[in-house]
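Colleague: I'd like to go through how the parts of this protein pack. Can you walk me through it?

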Amino acid sequence: MKKLINDPADVVAEALRGMDAAHPELRVDHANRIVYRADAPVQGKVGLISGGGSGHEPMHGGFVGPGMLDAACAGEVFTSPVPDQMIEATKNVDGGAGVLHIVKNYTGDVMNFEMAAELAAAETGVDVLSVVTDDDVAVQDSLYTAGRRGVGVTVLLEKIVGAAADEGRDLAAVAAVARKVNGQGRSMGMALTSCTVPAAGQPTFDLPDDQMEIGIGIHGEPGRRRVPVAPAREIAAMLVEPVLADLDFTGPDGVICFVNGMGGTPLLELYLMYNEVAALLDKAGVRIARSLVGPYITSLEMAGCSVTLLRCDDELIRLWDAPVRTPGLRWGA
C-alpha cells in the first residue's frame with residue numbers, strides 16, 4: 001500500500017485538520033468530525049446537512065459553504081457517520097426554519113440519519129425532513145443497500161437544493177426540490193481498478209489488468225458484470241444506454257450531464273469520455289443544457305468514471321446557475 005498517510009487509524013482526523021487549516025471560511029468540529037460553514041447557523045434559512053463515509057472527497061465536506069451545504073458529517077473511510085454526529089450537526093445549523101438531511105441510499109447512512117432526525121426533533125423541537133438519493137441504475141439491490149444506491153445525483157442535488165434554501169424557501173419547499181431532482185436523475189459507473197482502504201491495506205476487490213467492472217458503486221461494490229477492457233466509446237455506451245433506457249431524457253429543456261471521476265482518472269480521460277457521452281446523447285436526441293466534469297464523488301484512488309444525467313426545466317437550470325462558494329464547487333461568487 002502506497003499512500004500519503006501517517007497512521008491508517010488517523011487518516012480522517014488528520015485530513016480534517018488539513019481541511020480546517022486550508023479553508024478558514026469553514027469551521028471544523030474535530031471532536032465530532034463535522035464540517036460547518038463558518039457562519040452557521042444562518043437565521044431564517046433552512047439548514048442543509050449531508051454526510052457519509054470518508055474517501056469520497058470532495059463529497060461531502062468539500063460542498064459545505066454558501067450555495068450548498070451548511071454542514072457535513074464525516075464517517076470513517078467508507079463507513080457511515082454515527083447518529084450523535086448528525087444530531088450535533090442538526091442542532092448547530094438550525095436557524096429557525098428547520099433542517100433537511102440529504103442521505104445517500106446506503107443502509108447505514110439511512111438508518112443513522114433516521115435515528116438522528118428523530119432524536120434531534122425530540123431533544124430540540126427542530127423540524128427535520130430527510131430526502132434519500134437512489135439514482136444508480138446498475139443494480140436494484142447491492143451489498144450496501146435495499147434498493148438503488150445513491151451516487152452522482154447527490155452532487156447535483158446538494159448544489160440545486162442549496163440554491164433553493166438560499167432563496168429563503170421553507171423546509172417543505174426545499175425538500176420538494178430535492179425529491180424532484182432525485183426523481184429526474186440517473187447514474188451508472190465503471191471501474192478500471194479497485195481502491196485500497198487504508199485500514200485494510202489491500203485492494204477492496206481483485207480486478208485483472210485486462211478486465212473492467214461495469215456498474216460499480218462508490219465503495220467498490222460489484223456491479224452488473226465484469227468485461228474485457230474496451231475503447232472509451234464502447235465504455236461510454238455501456239454507461240449511457242442503461243441510463244437512457246431507465247428514464248426519458250428527451251425534451252426542450254435538456255439535461256445536466258455530469259461525467260465524474262472516481263479518484264484515479266485524469267481529467268484528460270474524463271474530457272475524452274465526456275466527448276463520447278455527448279455524441280451518444282446527441283444521437284439519442286438528448287440536449288445538454290449544462291455540464292460538469294471532474295472528480296466530485298470519488299472512491300479513494302479508484303480509476304474509473306460515472307455518468308449522471310439530470311432532466312431539467314427552467315427552475316432547475318436557474319438553481320444550478322446560482323452562485324456557489326465551497327472548496328469543491330465554486331462559481332458566480
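Modeller: Sure, one term to start: a crossing is left-handed if the near helix is turned anticlockwise from the far one by less than a right angle, and right-handed if clockwise. Also, this is a predicted model, where local features need pLDDT of at least 70, side-chain atom pairs count only at pLDDT 80 or more, and totals for chains, interfaces and linings use all residues. Residues are numbered from 1 along each chain as its sequence is written, and side-chain values use heavy atoms, leaving out hydrogens and water.

Colleague: Which hand does the crossing of H6 and H7 have?

Modeller: Helices here are DSSP runs (H or I, at least four residues), as are strands (E, at least two), numbered from the N terminus. H6 covers residues 232-246 and H7 residues 267-283, and they pack at about 50 degrees with axes 9 Å apart. Those axes are lines fitted to C-alpha atoms over the stretch in contact, with angles from 0 to 180 degrees between N-to-C directions. The crossing is right-handed.

Colleague: Is Trp320 buried or exposed?

Modeller: Buried means under 20% relative accessible area, exposed over 50%, and partly exposed in between (1.4 Å probe, protein chains only). Trp331 has 25%, so that one is partly exposed. Trp320 has 3%, so Trp320 is buried.

Colleague: What charged end sits over the ring of Tyr36?

Modeller: The rule is NZ of Lys or CZ of Arg within 6 Å of the ring centre and within 35 degrees of the ring normal. At 4.8 Å from the centre of the Tyr36 ring, the charged end is that of Arg27.
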